[in-house]
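Here is a short tour for anyone who likes to have a fold open on the screen while reading. Please load the structure and follow along.

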Amino acid sequence: MTASTDSAAPSSVPGTRTRLRAWQAEAIERYEVADPEDFLVTATPGAGKTTFGLTLALRLKSRRLIDRVIVVAPTDHLRTQWADAAVRTGLVLDPNLPNSVGPVRAGADGYVTTYAQVAAHPLLHRRRTENKRTLVILDEVHHAGDSLSWGDAVTEAFDPARRRLSLTGTPFRTKPTERIPFVRYVSAGPGELMSEADYAYGYREALADHVVRPVVFAAYSGVSRWMNSAGEVLAARLGEDNTKAVEEAAWRTALDPAGAWVPHVIAAVDDRITHLREQGMADAAGLILASDQDAARAYAKIARKITGEAPLVILSDDPKASRKIHDFEHGEARLAVCVRMVSEGVDIPRAAALGFLTSYRTPLFFAQAVGRVVRARNPRETATVFLPAVKPLLALAAAMEEQRDHVVRIAGPASDDLDAVEPAERVESEGDVGEFTALEAEAEFAHVLHGGRAIVAEARPLGAEEEDYLGLPGLLTPEQTAALLASRDVHLRRRTSGLREADALAAAEPPPVTDAPQSWREVEALRREVNKLVSQVAARTGRKHAEIHVQVRREVPGPPSASASIDVLMRRRDHLLAWAG
């Protein structure tokens, strides 16, 4: 079932603090008519699944159909993103409740956890689910299929839930033996199943509603040279009719940071950011996606050489990753280089350029990655995705671009109608690449995609008016867009020629969070303050920290700090202040 797009105007839903988009209100209405135990919503990245889920949760709670909300997210950063969004909606969800603490703190409507936490202790989450009438929101539910143990844990933990809402950014496929719990499937061919949504809202509908930006896909070719295991030097051009093995080797060689392909494309991303900032999008930023952490660090060195500014490097095992994402979202940095942390779910509306410098090529990962740069803020903003000219990625881009073309009709320059992903596992080569050594790679602009065709152009001078409108659908023809990118290519090659690797500068310590305190953030601040005061008392008295914690809990009764309410934490803080003073 798909969404109706008769009206794009947001609407109010009784019992909420949030103005809803038309699709969100329609999906809630469909849910309430069906009154289901399980409900799957597929909504394109950037459409507003979080707001939909939280608004539905608040309505169910206000109708006394549920007492508790548990959100399961793929990553730690998304826990805080859900918690902050919940406060804006009217719910208090604790994003820092560990498995080591049993009860949910008093005053909270529920908590946000991760699939990994659930898999580590499913019985604990089952007890929490059974203790109250619970709605479980499974964010990016395909992650429940990342391993059989995760799917089993989700089933064990949340089977007793009164309601389960599953969310995903794109339909997903699986094998019959690897079904994800609480999801309905239909056949997708021999030995494969496709998830079936109870409500679907695709990129085409979101684009028509101005919920997402149109995307311009710019493909970059170039010659790659490598040495195979026999010592032979081979060469191939990206985008030519190569065998799968040759294309894979050429692709992986192009992504090697030691070559010239990566610096050229990073310079193209940076050039696009400069253009967007000059034309009114003052906070425009770009994302560079890498295949692994080593590549991400190397790309960051290159980006700093090109831009003169150290990009944020966001890695999944970095304890500061969530803070870096927050700072990038609200700051002025031009670029962030990442592997997994911003591939799925993360909301960074100012990011409008994407360098897809990775060998991941599953439809799910591609859609999630592109989804990071399509969230619309006004109808004059567009997104540009820079990618290698290889068949797997071009096919994925063409499928998405075909949806775009059904909504945005490219007209001549005179027209001014502008109102018209843990990622999936990396797929290795289907060809027999074998052992090889990357030698060098060059880059050059190949084409833009339009109507399923590759639009090529020779470099030629363009007028200032044409340059001003790069990427604005309806103002440049595909041929003009291709000509403009081709004309910039010569400049970019000069800009990146002679680049040498330099030592990476130490990343600057991210500034403190300055946005207004939210309920769960206040709780965290109080917990830290209590622990600091305990340390001060221990240092003054020579007693052990544990002894002081026990005494404080005896004199100010209540659960451990991890599950204590704001009121209990404040009274313990005041008690410790009097004790220390």
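In which sense do strand β4 and strand β6 pair, and over how many bridges? The answer opens the first section.

## The open sheet

In this predicted model, strand β4 (residues 68–73) pairs with strand β6 (residues 110–114) in the parallel sense, over five bridges. If you would like a place to look, find Ile-70, which stands opposite Tyr-111 in β6.

These two strands belong to an open sheet of seven strands with parallel pairing, in the order β5-β6-β4-β7-β8-β3-β12. The edges are β5 (93–94) and β12 (199–201), each of which pairs on one side only.

## Helices across the sheet

Two helices are worth tracing over these strands. Helix α2 (residues 49–62) lies across β3 (38–43), β4, β5, β7 (134–138) and β8 (163–168), and runs at about 170 degrees to β8. Helix α3 (residues 76–89) lies across β4, β5, β6, β7 and β8, at about 160 degrees to β6.

## Helix α1

Now step back along the chain to α1, which covers residues 22–34. This helix has 13 residues and reaches 18 Å from its first C-alpha to its last, close to the 18 Å expected. Among its buried residues are Trp-23, Ala-27, Ile-28 and Tyr-31. Just after α1, Asp-35 takes a positive phi of about 50 degrees.

## The whole chain

Zooming out, the protein chain has 18 helices and 23 strands. Of its 581 residues, 55% are buried. The accessible surface comes to about 24500 Å², with 49% of that belonging to carbon and sulfur atoms.

Definitions and conventions
Residues numbered from 1 in each chain as written. Predicted model: local features only at pLDDT ≥ 70, side-chain atom pairs only at ≥ 80, totals over all residues. Heavy atoms only, no water. Helix = DSSP H or I, 4+ residues; strand = E, 2+ residues; numbered from the N terminus. Expected span 1.5 Å × (residues − 1). Buried < 20%, exposed > 50% of the residue type's maximum accessible area, 1.4 Å probe, protein only. Pairing = 2+ DSSP bridges. Contact = heavy atoms within 4.5 Å. Axes fitted to C-alpha atoms, helices over the stretch in contact; angles between N-to-C directions. Areas by Shrake-Rupley, 256 points an atom, 1.4 Å probe, with all protein chains shown as cover.
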